[in-house]
Amino acid sequence: MKECLTTKRLFFLCIVLFFCSCGENIKYIEETNITDEVSLESHECTKEKFFFILEKISIWNTKQDTFVVRSHTPLGINLKLKVINNDNKPKKIIINNGEMENCNFHWKVDKTEIEFFGTTDKSLYIVKPKDSLSLNLHTLYFNFDKIFGPLEDYTEVIKNLISEFSLTYDDVDDKICIEQGAKTEIVIYNHKSRWEWWR
């Protein structure tokens with residue numbers, strides 16, 4: 001009887017090993033452009049000499065990956081900004097004042113202040129006269145559960161929220177205009193995985 005059970009276990013183990021050796025778990029990123037699905041509020045800075053253009057909003061991990069059992073990768077937002085200096089003198093941009101404190105980029109959602117930080121350690125940029133530069137910002141450990149509660153799929157609620165997106169930049173001297181609207185690209189990226197058989 002024991003030999004029969006051992007044989008069955010061995011057979012089952014061989015089947016599992018056979019199927020596992022015939023494929024692999026492929027991880028990839030699913031990209032969905034929702035620019036046409038979201039009516040982003042328009043802000044223009046046409047009369048300004050020094051201003052930002054919000055070129056792209058990247059939203060990460062709105063859906064839980066259901067192929068394998070694992071926890072939801074945190075929902076986050078990245079921004080791509082272009083700084084335009086049409087003035088005759090250099091201008092400075094401060095992203096935050098030392099070690100992820102006093103961030104200058106904010107988005108107020110109800111009573112919650114969402115802060116955006118630079119993707120590098122550099123916190124001060126000088127924009128030359130009649131020049132421009134690109135900046136990439138992201139939310140840092142921000143938990144969107146505070147706004148939505150825990151969800152397996154944040155896609156629709158985040159679409160509604162992004163339609164009210166309004167970034168502000170707080171400078172010591174004055175507030176700088178941030179242009180956004182129909183030209184701002186909005187894309188959702190989701191980390192996914194699938195089983196792929198060997199060919």
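This report walks through the fold, strand pairing, aromatic contacts, selected residues and one pocket of a predicted model.

**Overall fold**

The protein chain has 3 helices and 11 strands. Read from the N terminus, the elements follow the order α-β-β-β-β-β-β-β-β-α-α-β-β-β. Of the 199 residues in the chain, 37% are buried. Sequence-distant contacts are well represented. Take the contacts between residues at least 6 apart in sequence: 77% of them join residues at least 24 apart.

**Strand S5 and its partners**

Strand S5 covers residues 105-109. This strand is mostly covered, with 4 of its 5 residues buried. S5 pairs with strand S6, residues 112-118, and the two run antiparallel. S5 also pairs with strand S9, residues 167-169, again in the antiparallel sense. S6 in turn pairs with strand S8, residues 131-139. The table sets out these pairings.

| Strand pair | Sense | Bridges |
|---|---|---|
| S5 and S6 | antiparallel | 5 bridges |
| S5 and S9 | antiparallel | 3 bridges |
| S6 and S8 | antiparallel | 3 bridges |

Individual residues show how the strands line up. Trp107 stands opposite Ile114 in S6. Phe105 faces Tyr169 across the pairing with S9. Phe117 stands opposite His138 in S8.

What connects S5 and S6? The two strands form a hairpin, with 2 residues between them. Asp110 sits in that turn and has a positive phi of about 55°.

**Aromatic contacts**

How many aromatic pairs does the structure hold? There are 8. One of them joins Phe148 and Tyr154. Their ring centres are 5.8 Å apart, and the planes meet at 55°. That pair counts as tilted because its angle does not exceed the 60 degrees set for edge-to-face and is not under the 30 degrees set for stacked. Both Phe148 and Tyr154 are buried.

A separate group deserves a look. Phe52, Phe105 and Tyr169 form one aromatic cluster. Two of these names have come up already: Phe105 stands opposite Tyr169 in S9. The strand pairing and the cluster therefore share these two residues.

**Two lysines**

Is Lys159 buried or exposed? Lys159 lies in helix H3, residues 155-162. Its relative accessible area is 14%, so Lys159 counts as buried, the cut-off being under 20%. Leaving out residues up to four places away in sequence, Lys159 touches Ile34, Glu37 and Val38.

Lys27 has another setting. Lys27 belongs to strand S1, residues 23-33. Its relative accessible area is 62%, so Lys27 counts as exposed, the cut-off being over 50%. Lys27 and Lys192 are 165 residues apart in sequence. In space, their C-alpha atoms are 5.7 Å apart.

**Asp170, just after S9**

Asp170 is in the loop between S9 and strand S10, residues 178-179. With 27% relative accessibility, Asp170 falls between the 20% and 50% limits and therefore counts as partly exposed. Which residues does Asp170 touch, not counting those up to four places away in sequence? Asp170 touches Asn104, His106 and Lys175. One of these, His106, has a number inside the range of S5, residues 105-109. Asp170 and Ile94 are 76 residues apart along the chain, and their C-alpha atoms are separated by 9.1 Å.

**The second largest pocket**

This pocket holds about 160 Å³ of space. Its lining draws on several stretches of the chain. Ser42, His43 and Glu44 are among the lining residues, as are Ile53 and Leu54. The rest of the lining is Glu179, Gln180, Gly181, Ala182, Lys183 and Thr184. By class, the lining has 3 nonpolar, 5 polar and 3 charged residues. Glu179 also has a number within strand S10, residues 178-179.

Definitions and conventions. Residues are numbered from 1 along each chain as its sequence is written. This is a predicted model: local features need pLDDT of at least 70, side-chain atom pairs count only at pLDDT 80 or more; totals for chains, interfaces and linings use all residues. Side-chain values use heavy atoms; hydrogens and water are left out. Rings of Phe, Tyr and Trp (its six-membered ring) pair if their centres lie within 6.5 Å; planes under 30 degrees apart count as stacked, over 60 as edge-to-face and the rest as tilted. Buried means under 20% relative accessible area, exposed over 50%, partly exposed in between (1.4 Å probe, protein chains only). Contact means heavy atoms within 4.5 Å. Two strands pair if DSSP finds at least two bridges between them. On a 1 Å grid over the protein atoms alone, a cavity is a set of points where a 1.4 Å probe fits but cannot get out, and a pocket is an open set with protein on both sides within 12 Å along at least five of seven lines; lining residues have an atom within 4 Å of a point. Grid points are joined across faces, edges and corners, and a volume is the space filled by probe spheres set on the points. Ala, Val, Leu, Ile, Met, Phe, Trp, Tyr, Cys and Pro count as nonpolar, Asp, Glu, Lys and Arg as charged, and the others, Gly among them, as polar.
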